[in-house]
Each structure stands twice: as structure tokens, then as C-alpha cells.
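The following note is offered to a colleague who is meeting this structure for the first time. The numbered points may be read alongside the sequence and the coordinates.

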Amino acid sequence: MKSKRSLRNFSVMLLTALLMSSCASGDPVETTAEVTTEETTAPLTLEQMYPLPEVNYDGRSYDMLVDRTGVWGQDYNDLFMAEDNEADTVGSAAYQRNMKLEATYGMKFTQTDSKNSAQQMYGLYQASDDTFELVQGRAIQLTTQLVSKGAVYDVLTVPGLYIEAPWYDQELNASSTILKHQYILGGQGLASDKTGIFAMIFNKKLAENLQLPNMYEVVSSGKWTIDLMQEYGTLATKDINGDGVLKKGDDAFGLLAEDLFSWFLLVGSEQQIARKDADDVPYFTIASEGAVDAMMRIQKLMYDKNFRHEETLGANDYGTIFGSGRALFMGNAMSTFAGYRDMEEEYGIIPCPKYSEDQETYISTFSPHVARMVSFPRQNKETEFMGTVYDLMNRNGTDTVRAAYYDVLLGAKVARDKQSADMLDLIFDNVVQDIGGTYNWGKVWTTIGKHFGARSESWVSTWESIKEAAETARQSTIEQIKLIPEN
């Protein structure tokens, strides 16, 4: 459809042509048509919408306390790197970004590593130690060890943060609030908040041998569902050594996935542990009719010994089995897939399946145990400094650090074809947060994994066993947030 502006231009051109034609014939032209022009206002630039600070910090240090667990694939140098190292793609991008900011604003960055940054920060909070400007840690630890104890700022009130800017995930921001207060934050200029996003990979050769349709086309058609995954996966499961028992060391499987993969399938089915009401108050939905129905279907999938392994797999088992061509599908975090960039077995990346074809889109979420978020310690009163610099890190990291993680590390090295790279766009553009998982009230999130690990049948019974504790913890968080003073 033509724009109004195009139609106006066309009318002016037509009228001009008629006038020129009449002048050429010498005939006078009478017309009552009035040619008007509209003043147009150029759209504001990002610099106009979000002005850059005009400041020199005179060598001031921006100190960060960062969780470094040493778990394979989960630790990224996306905030700081002491020296440039091209072998560390993300770290090198962070180094270049920080050097630019240091030169521009007369400051320097430092980072202190921690095995449990949230726990360590709470100790500093109790001691009124204001050494650090920010803490980066696992989302589930920030919420349970800092937010629930009133030890961090509401990021919506931290000066210098342009929360509504494109270098922040607005969907994540909206889903992170409670009572319209937000205490954890990611950013498009980081990689650590994206490592916990779950997706799936499929073995291309095995899919071809099984004469399965093109998996990318299946996804694009909207037909990639839990039912179809189970149907295809059952074809791949084989007792290779013929001993009558499916074992991880010898046999082939339709799906490799931990017990908590059930929760990712639940969220992918448009169900969640908790949602929020019109007043931004969270409430449990894990026992709703839709959630219970989805749980029952997911149990049928996860308990199917002709589809998924019965044995518990160690961290290295997933790569060993999949890398030897003995699994059709694997469900896992991006941090795990990033470790497979040198795997010889050819695979593709696709989103977790929908509950049914009627569902509008594919939905992804992240593990709060893997994804790293940022909070700002309340004992540090220099809020404008902490907010402004963190904002600059994301503003200047979107095309560097994020690009290094997404376009290079994932797009080129892990996603081995154009179609997988397109699938990443589909996955990353449809990430939601289940606030019930992030806060893990009453350990409801971890209980889901235990429920599936025990092959329990009644989720309603499991929920009833923890419901009181979960409700108490949820209410406690709400009351604590009400007591937190304004910044």
C-alpha cells in the first residue's frame, strides 16, 4: 500500500504536469486546487532520545563483583577482560568496549571473581561495604539472596539507566517487575544473560537416515509440536547391543534432556509457574487446568523409555552420546551448545516445540540457574555513577559484545548453516521469563525437576505438598518489597 506521503507527492506531480501542459499551449488555466505542503519532523536519533553523558571521572574505578562458577560454557568475560585475547571472542569484544569507555570518560574497570557473588554481596551489604558498583550472578541467586532481603536497588529508579532504550530487552524488563519494582537486569551488550536460554539441536545425519522431513521447514510451518517430537524420537531409539536394556553407554535415544527440561517444555506450552495480575502482583498458575494438562502430556513424553533415556546423565554424557550419533534430539542451554562448536557430528538448532499447532508461536525461556543478571548494591550510594556506566556498557556493547556472542560464537561457529542462524533469531526473539522460576518460591522450580526425576504421576499431589511453603515465600517477597525504601 502506498503511503500518504507518496500519494501527496503523486498529486503534486500530476498538478504540475497539467500546469506545464497548459502553459505550453498558451491557454490560461483556472484552478481552485490548493497545493499544500506538510512540515515533516525528522525522527529523533538515539543520541537525542538518550543523551550521552558529558563527564570525566578523573580515573575513578568502576568495580564489579562477578560470579565465576567454573561450570563449562557458563562463564563469559562479557563485563571485563584485563588483556585483549582474540581467542576469547566475547572477552576481546568486552576489552575493546571498555578501553573505549575508559578513554572517553576517564575511568577504569575492575572485576573481582566470586564462587557465589550474591552470597558474598549480602555479606558486604551487612557490613555496609560499598566497594562494588554492581554484582553479576545467577538470576535465581540474586532474587533469593539479595532481592528478597532488600539488599539491592530498584533499577527503575537508578539514575543514568535508560531502561526503555533498545539496548535492554523490554519483554524481560516487564516480566521482571514485582509491584512495579525491578531488581535484576540484563542487557543487549552482555552475553551472560543469554547463556541460559534453552533450545534444541537435532542430528542431521540421523534425521536423514530416518527419512524425516526437513526440520527447519517443519518448524517454519508451525507443525513442530510435542507430539511430533515424540513421534520422530521414537523412530531413533534403538537397543543397539541387543541386551534388552537401553543404556547410555551403548544405545541410541530420541531425546537427551535433564529432568528439568520438563519446565522448559511447560513454558513452551504457554504455561508458567506464576504470572502477574493487573497490579503487578505475582500469583501461582502452576496448578491451573492448562498447566496440569500440559504437565500430564509432558510426563507422557519424558517417561517414555522408548523415547528418552531412563538413566541420569552426567554433564559430559550429553556431548558423548550426541557426538557419537546416538541421539536424534537434545534439549539444553545455549551455554552447552556453545561448547559443541568443534563437534564433528553435524547438527542444527531449533526451538523447543509448541504444545499444539494451534499455538501462535514458539516460546523459549532461560534457566535462572545458568543465566547471569546484574543488580546494584544498596549500600553503595553513588547511584548515578553505577547506573550511567552500566548503561554505557550496554549501549556500546550491543554491536560488539552481543555481536561477538550471537553473530560470531553462535551464528558462525555453533549454528553451522544459515537456517540454524535464522532459528536463533526465532528463539532469541521469543524469550519469556517465568517469574515463578526466577524466584523459586518454596523451591517450586527445583521441585518440578525432582517430580520428573522420581517419575511421579500426579503433579497436583506434588504441588499440594509444597503449596503452603511456596505461598509463604511468595508473600514474604511481596512484603519485603513493600518495605524497601525508595532509592
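**Notes on the predicted model**

1. In this predicted model, helix 11 covers residues 289-302, a run of 14 residues. From its first C-alpha to its last, helix 11 reaches 20 Å, close to the 20 Å expected at 1.5 Å a residue.

2. The surroundings of helix 11 deserve attention. Its buried residues are Ala 291, Val 292, Ala 294, Met 295, Arg 297, Ile 298, Gln 299, Leu 301 and Met 302. The elements that cover these buried residues include helix 9 (226-236), helix 10 (261-268) and strand 5 (253-256), together with helix 18 (444-453) and helix 19 (459-483). As general background, an α-helix has 3.6 residues a turn, so residues three or four places apart point the same way.

3. Aromatic pairs form the next topic: a search of the whole structure finds 19 of them. In one of these, the planes of Phe 284 and Trp 441 stand at 90° with the ring centres 6.1 Å apart, so the pair is edge-to-face; the cut-off for that class is an angle over 60 degrees. The pair links distant parts of the chain, with the two positions 157 residues apart in numbering. Phe 284 belongs to strand 7 (residues 282-284), while Trp 441 lies in the loop between helix 17 (435-439) and helix 18.

4. Are the two partners of this pair buried or exposed? Phe 284 counts as buried because its relative accessibility is 14%, and Trp 441 counts as buried because its value is 3%. The cut-off for buried is under 20%.

5. Ring pairs also build a cluster, which links Phe 198, Phe 261, Trp 263, Phe 264 and Trp 445.

6. Lysine side chains meet tyrosine rings at two places that may be inspected. The charged end of Lys 149 sits over the ring of Tyr 122, at 4.4 Å from the ring centre. The charged end of Lys 354 sits over the ring of Tyr 362, and here the distance to the centre is 5.1 Å.

7. Strand 3 (residues 134-138) has 5 of its 5 residues buried, so it is largely enclosed by the rest of the structure. Which strands are joined to strand 3? Strand 1 (residues 60-67) runs parallel to strand 3 and is joined to it by 3 bridges; Met 64 stands opposite Leu 134 of strand 3. Strand 10 (residues 372-375) runs antiparallel to strand 3, with 4 bridges joining the two. Within strand 10, Met 373 is the bridge partner of Gly 137.

Key
Residues numbered from 1 in each chain as written. Predicted model: local features only at pLDDT ≥ 70, side-chain atom pairs only at ≥ 80, totals over all residues. Heavy atoms only, no water. Expected span 1.5 Å × (residues − 1). Buried < 20%, exposed > 50% of the residue type's maximum accessible area, 1.4 Å probe, protein only. Contact = heavy atoms within 4.5 Å. Phe/Tyr/Trp six-rings, centres within 6.5 Å; stacked < 30°, edge-to-face > 60°. Lys NZ or Arg CZ within 6 Å of the ring centre and 35° of its normal. Pairing = 2+ DSSP bridges.
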